[in-house]
Structure formats: C-alpha cells, structure tokens
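User: Hello! I am new to this one and would like to know how its descriptions are arrived at. Could you show it to me and take my questions?

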Amino acid sequence: MLKPIGKGNSQLARSDWLGGRKKPPLLRTRELAYGVLERLGFGSRASEATGLPGAMLSEVLLVSAPGKVILHGEHAVVHGKVALAVALNLRTFLRLQPHSSGRVGLNLPNIGVRRAWDVASLQLLDTSFLGHGDGAALTAEHMEKLKEVAGFPEDCVDPQCLAVLAFLYLYLSICRSQRALPSLDVTMWSELPTGAGLGSSAAYCVCLAAAFLTACEEIPNPLKDGEAAGRWTEENLELINKWAFQGEKVIHGNPSGVDNAVSTWGGALRYQQGKISSLKRLPILKILLSNTKVPRSTKVLVANVRSRLLKFPEIVAPLLTSIDAISLECERVLGEMAAAPTPEHYLVLEELIDMNQHHLNALGVGHASLDQLCQVTTAHGLHSKLTGAGGGGCGITLLRPDVEQPEVEATKQALSGCGFDCWETSIGAPGVSVHAAASLDASVQQGLDSL
C-alpha cells in the first residue's frame, strides 16, 4: 500500500488527497524533507542534505522521437525469422518547461489529456515499488499502485489512462534521484496516429525518458550553441532506451522492445528471436504511408497465421522461410545503397515489396482495403505492401527518386479518395533528438501550444 510520510496522516484517505478533493496535510518543511530523503536512500545523511536543491536544468527542453514501420518480416518474426524495422520520419515532439509552481503537469492535445498533480503530494508517496530502469517486470500490484496515484479505477485500460500512467511511472522513477521532485509542465504533440501500429507509444516513452533524464542531469544535454538539433552518445541512448522500455511495459505489458529501440536509435534495426541489432548504414528512403483506418486485432491475425501453419505446414513453412530470405536480401541491398544507390537498387526493392505482399496475402493477413491500396499505387507505377499486422491498418509505398512530384500528388489524392489517410514521409530517420526552438516547424510549435 502507498503510505504518506509523516505523523498523523493515517486519518486522511489517500484517495482524497491523490484525487485532488482535499489538500494533503501540511508538514513542517524539515519533517517533509527528512522523510522524503530517507525514502530516497539518504538514511542518516538526510539531515546533511536537507535544504539543498536538487540538480535540475532550468531551461525549456524540446525533444523528438520517430515512429516505426516494419519494412519486411512481419508475422514471420513470430516464428523465429528476421524482421527489419525502420524509423519513420513522422515524429512525436515534447516540450518540458521547468517552473516553481509546485505542480507537475501533462498536456497531450492529440488524445485530449490534461492533468496536473501537486508535487508535495507526490513527494509524500512511498515509491519503493518503482523500478530502476533495470528491466524488472511490472507486476499487477505495481500497476494498481500507479492507478491509485493517478486517481484511476483499477479497470482503467484506455489509451489516455495508460499514457498518464507511463508518464507518472517515468517521472517518479527518474526524478526521484532529485532531492525534491521537480515542478514542471510536459506537453507532447505527435504527427503519428495512435493505434495504427506505427510505434506512437514507444516514441512517447522515448521522449519522456530522454527529457526527464536530461532535465535531472542524469545525462547531459547534447545541443550545442548555434545547432538546430543534437543527439546523445551511445551510452546515453542505452539509458534512454532502458527507461523507455519500462514505460512501454506500463502501456503494453510485455512488449518486444523493438519499437522503443527504433525510436531511440533511428535508422533501421534487425530483430530475430529477441535479439536486436542496428543496421550501421542505411539510405533515407522516401515513402507514402497510408492508413486504411480499418481496425484489426494483431492477436487474432497472429493466431490465424499459426493455425494456417499447423494446418498446412508444408505450404506455410516455406512461405515463412521465403519472407526471411526477402528480409535478408533487403538488408543486403540497403547496405549497398548506403554507399552508392543506383536505379537498379530501387527496382530490386520494388520486387521485394511485391513478393512480400503476395506472401502475406497467402498467409491470410491481407484485406480488401490493402488490395485497393496496392491497385491504386500500381496504376501510378508504384509498389506497396502492408506494414505491421495487416488485416487493414497501414501500408507503405516506395517512392523512387525519379518519380515526379505531380505523380506523387496524384497518387496521394487517389488514396485519399479511397478514404485513407496518407503521408509523404521517409524511413531511416534519425532517432531521439533534442532541438533548438527556432528549428521547429510552425506546425509543430502550434501543436505544442495547443491547450
């Protein structure tokens, strides 16, 4: 159970002051500071630390992280084959504003979340149940305690609830290294649609981890004067990724770790049987990303492929092996293109896209909306495949360098005419970055200023 620190607090229900209906009991500054510092591990040294401010950056932080798409290997990866995941240059942006109001605020205009908590109330909590970014499993009891802190009912599992819980988890876990929890406001705005299999929750957690670690000076701010953007060192990225993975566990329970790794490092990653490795060289490829907006259940689609494999092992097993070979060939071609891309390379990538899409249809994870997407882009001389679970969801279309912009616009218009959302973007994007305010597009600034 969560227990407030200090004497005489037992008569006030936690639900009253955590939910904001009553103010928490007033404690003398010294009593509050001693209790908190003891909780944070200072023990008998609490008196030495009392009154000293924690190390906390004072300037505004602007951080972004990319989404992700699966280029090749979806479904086959479940059966031990290689998957290639690439960073999608649709990004989530975070602004962290330190202040001295005694409040910590979260504003997520994309999903209609606006919450704030009294720092003194959070300071009173027993946070010993929180992790240390060490990969420890989050238990059901931990989730119940987080929901209690947030003032949510135990059965709350909607995206808004889970986003708030991940925020509180990362804020309390990372910032408890401070001698006092910091007052700050976090606003996040995203170019990524939610629930579309594009890694929006991972980008959210990566931004939060990077911002809190930097604000609390656990890692340095890599942005140099006069630069538009900065990237952290490999060692610091490891720490960001570790904490982001913990945030993903709050949201998804048992994630693979691929989405947060792609969002942290950017570029492309190879994933096989739990092992993640980075593709060291990768060209930036332009694509159209289309969201059919057809809902689907990843769990059901994965189960259907497994059933088909059991029913027709001699047919489906070779399909999975062939998809694995497509992933490996694509990896090889991308490596060549990083040094010197040629028109022939793009033709090979298009052939691989076509073959994989046919294989995925044979596995039973296609959909009429995805067939329509492929037909529309084929009519414009382009090549497409589903990305992710299939059964609807999203598809990607490769844009060769020789495709003229009027043809791209005509294709986008045709796809929009089918009722799809369509973005012209790129893959192989940079991972988590910190930005100078002047470098952000007006649309991003406007999104972050949303109330």
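User: Which strands and helices each supply at least two residues of the lining of the second largest cavity?

Analyst: They are strand 1, strand 9 (285-291), helix 12 (343-363) and strand 11 (394-398). Helices (H or I, at least four residues) and strands (E, at least two) are DSSP runs numbered from the N terminus. A word on the basis: this is a predicted model, where local features need pLDDT of at least 70 and side-chain atom pairs count only at pLDDT 80 or more, while totals for chains, interfaces and linings use all residues. Residues are numbered from 1 along each chain as its sequence is written, and side-chain values use heavy atoms, leaving out hydrogens and water.

User: What makes a space a cavity, and what makes it a pocket?

Analyst: On a 1 Å grid over the protein atoms alone, a cavity is a set of points where a 1.4 Å probe fits but cannot get out; a pocket is an open set with protein on both sides within 12 Å along at least five of seven lines, and lining residues have an atom within 4 Å of a point. About 70 Å³ of space lies in the second largest cavity, and about 1600 Å³ in the largest pocket. Each volume is the space filled by probe spheres set on the points, which are joined across faces, edges and corners.

User: How many residues of each class line the second largest cavity?

Analyst: Nine are nonpolar, two are polar and none is charged. The nonpolar class is Ala, Val, Leu, Ile, Met, Phe, Trp, Tyr, Cys and Pro; Asp, Glu, Lys and Arg are charged, and the others, Gly among them, are polar. The lining includes Leu-71, Cys-330 and Thr-397. In the largest pocket, the lining has 24 nonpolar, 18 polar and six charged residues.

User: Why is the contact between Asp-259 and Lys-68 called a salt bridge?

Analyst: The closest N to O distance is 3.4 Å, and a salt bridge needs a side-chain nitrogen of Lys or Arg within 4 Å of a carboxyl oxygen of Asp or Glu, so the pair qualifies. Asp-259 in helix 9 and Lys-68 in strand 1 are 191 residues apart. Both are among the residues nearest the centre of the largest pocket.

User: How do you know whether Arg-332 is buried, exposed or partly exposed?

Analyst: Buried means under 20% relative accessible area, exposed over 50%, and partly exposed in between (1.4 Å probe, protein chains only). Arg-332 stands at 42%, so it counts as partly exposed. Its salt-bridge partner Glu-329, with 2.7 Å between the closest N and O atoms, is also partly exposed, at 27%. By contrast, Lys-412 counts as buried because its value is 18%.

User: Why are Trp-117 and Phe-167 called stacked?

Analyst: Rings of Phe, Tyr and Trp (its six-membered ring) pair if their centres lie within 6.5 Å; planes under 30 degrees apart count as stacked, over 60 as edge-to-face and the rest as tilted. Here the centres are 5.9 Å apart with 20° between the planes, which fits stacked. Trp-117 is in strand 4 and Phe-167 in helix 6, 50 residues apart. Trp-117 counts as buried because its relative accessibility is 4%, and Phe-167 because its value is 0%.

User: What makes Tyr-171 and Phe-212 an edge-to-face pair?

Analyst: Their planes lie at 65°, with 5.8 Å from centre to centre, which gives the edge-to-face label. Tyr-171 sits in helix 6 and Phe-212 in helix 7, 41 residues apart. Both are buried. Trp-117, Phe-167, Tyr-171 and Phe-212 form one aromatic cluster.
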